Amino acid sequence: MGEIDIDEQWFCNNPYAEWYYNSINVKKGPTYEHHVKTYGEDFGYEKFIPQWKAEKWQPAEWAKLFAKAGAKYVVLTTKHHDGFCLFPSQYTDFNAIQQGPKRDLLGELTDNVRQQGLRMGAYYSGIIDWTYSSAPIFTESQNFSNACPTYEYADYAYKQVVELIDKYKPDVLWNDIGWPKVGEHMLPHLFAHYYNTVQEGVVDDRWNKLWCDFASKEYKHGVASRDKKWEMCRGMGLSFGYNQVEDESHLISVKDLISLLVETVSDNGNLLLNIGPKADGTIPEEQVERLLALGKWLETNGEGIYKSRCSRHLSEKIGDVTFRYTKVGSDLYLYIDGLTEGQASLPLSVFGDLQPLNSELQFSVESTPQGRVLHIQNYQPDWYVLGFKIPNGEN
């Protein structure tokens, strides 16, 4: 997403597993060919639901894992474009209470996430619901034209989001793609109801650009801004939903994941990292490993990540090494990315007392006629990005 044009080729070769329904509807491309070969041309998407039991799902263990990974908030997909709701809705029986797992997946996860002291948000597919309109989508513009143009659907979406607000009080109200055009006039009422119900709540920027508390970037689609709060969202691999053909080669490495987090935060963003669980409710081990590695790094280096803002110091590139900066109050944090094992000597453009966040690091700072130089003696590759605190360095 963001590397190639979002055109017919994208939608017919869509790597997003959660778009499987549309990949059947377009009737060409590798997903459609797989579906016909494996299940048959007449096998409708809804026939998968009886196979889905989530029999090994343990929401308490999920919540503990997210906390251990260093997350501060969680956002669950309550209804994606396929229209299937992971919560009991009075407006449809196409939900996880009446079909499939027969559980209130949103409610159970919400309770357990909040027991871990984390915030809980709700994603909702506002403008697309293939149970209301299954017209195939080949181009980006058809997300708004082919997808649910009726007043009936606009009313349905509005009522369901009110359900989410009233029952679950999500700390983040995360709408996807857009909102039904014929229902735009009701958005001020919807936002008012949300903010009056969840006073510290925030909404994303996918409400037809009419209002937001933060902007969003998806993979490489969108723009980071140091002037406004934004959020990077992406999957562990090339998909948000679980894709059984993905392997280690498709997943982001631990090194790149930590680099992405530091890059995002240093540019005033949050990282919303998606997990794609299996149908039985378990999180694939490869994804668990990355979450735990990220959490371990944050245990050492998180004080310059949490509650931070982007510094007035811009990122600097020195050969293969990148310096990135954050600030917490008046304290400056320097994160060094791209080091190789052993020793390194790097010029410093900032002043102040460097305090390593990793207590095992051996280093020194030398003053030379050309300026200060940081000498690192024992960098280890599994430290990934190296962090330093500079008290009052932002002043």
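Biologist: In this structure, is Arg-119 buried or exposed, or does the residue fall in between, going by relative accessibility?

Modeller: The model is a predicted one, and in this model Arg-119 has 38% relative accessibility, which counts as partly exposed. The cut-offs matter for that reading, because buried requires under 20% and exposed requires over 50%.

Biologist: Which residue forms a salt bridge with Arg-119, and how far apart are the closest N and O atoms?

Modeller: The partner is Asp-171, with the closest N and O atoms 3.4 Å apart. Unlike Arg-119, which is partly exposed, Asp-171 is buried, with a relative accessible area of 12%. Arg-119 belongs to strand β2 (residues 119-125), whereas Asp-171 sits in the loop between α7 (151-168) and β3 (172-176), so the salt bridge ties together parts that are 52 residues apart in sequence.

Biologist: Which residues are joined with this pair into one network of salt bridges?

Modeller: Through shared partners, Arg-114 and Glu-200 are joined with Arg-119 and Asp-171 into one network. Over the whole structure, the search finds 19 salt bridges.

Biologist: Where in the chain do Arg-324 and Asp-337 lie, and are they buried or exposed?

Modeller: Both of these residues are buried, and their side chains meet in a salt bridge at 3.8 Å, N to O. Arg-324 is found in strand β10 (residues 321-328) and Asp-337 in strand β11 (residues 331-337), 13 residues apart.

Biologist: What links Lys-389 and Glu-303?

Modeller: Their side chains form a salt bridge of 4.0 Å, N to O. This pair joins distant parts of the chain, 86 residues apart, with Lys-389 in strand β16 (residues 386-390) and Glu-303 in the loop between α10 and β8 (309-310). Glu-303 is partly exposed, its relative accessible area being 41%.

Biologist: How should I read the division into domains, and how many residues does each domain give to the contact?

Modeller: The chain is split into domain 1 (8-302) and domain 2 (309-390), whose C-alpha centres lie 36 Å apart. Domain 1 brings 14 residues to the contact and domain 2 brings 18. About 1300 Å² is buried between the domains, with carbon and sulfur atoms giving 58% of that area. On the side of domain 1, Arg-226, Ser-266 and Asn-301 lose the most area to domain 2, together 35% of what that side buries.

Biologist: How many salt bridges and polar contacts are counted between the domains?

Modeller: The count of salt bridges between domain 1 and domain 2 is zero, while five residue pairs are in polar contact. α9 (254-266) and α10 (285-301) each supply at least two residues of the side of domain 1 that touches domain 2, and α9 gives the most, with eight residues. That side divides into five nonpolar, five polar and four charged residues.

How values were computed. Residues numbered from 1 in each chain as written. Predicted model: local features only at pLDDT ≥ 70, side-chain atom pairs only at ≥ 80, totals over all residues. Heavy atoms only, no water. Domains from an automatic or database assignment. Contact = heavy atoms within 4.5 Å. Buried area = accessible area lost by both parts, 1.4 Å probe. Polar contact = N/O pair within 3.5 Å; in protein donor to acceptor, adjacent residues only side chain to side chain. Helix = DSSP H or I, 4+ residues; strand = E, 2+ residues; numbered from the N terminus. Nonpolar A, V, L, I, M, F, W, Y, C, P; charged D, E, K, R; others polar. Buried < 20%, exposed > 50% of the residue type's maximum accessible area, 1.4 Å probe, protein only.
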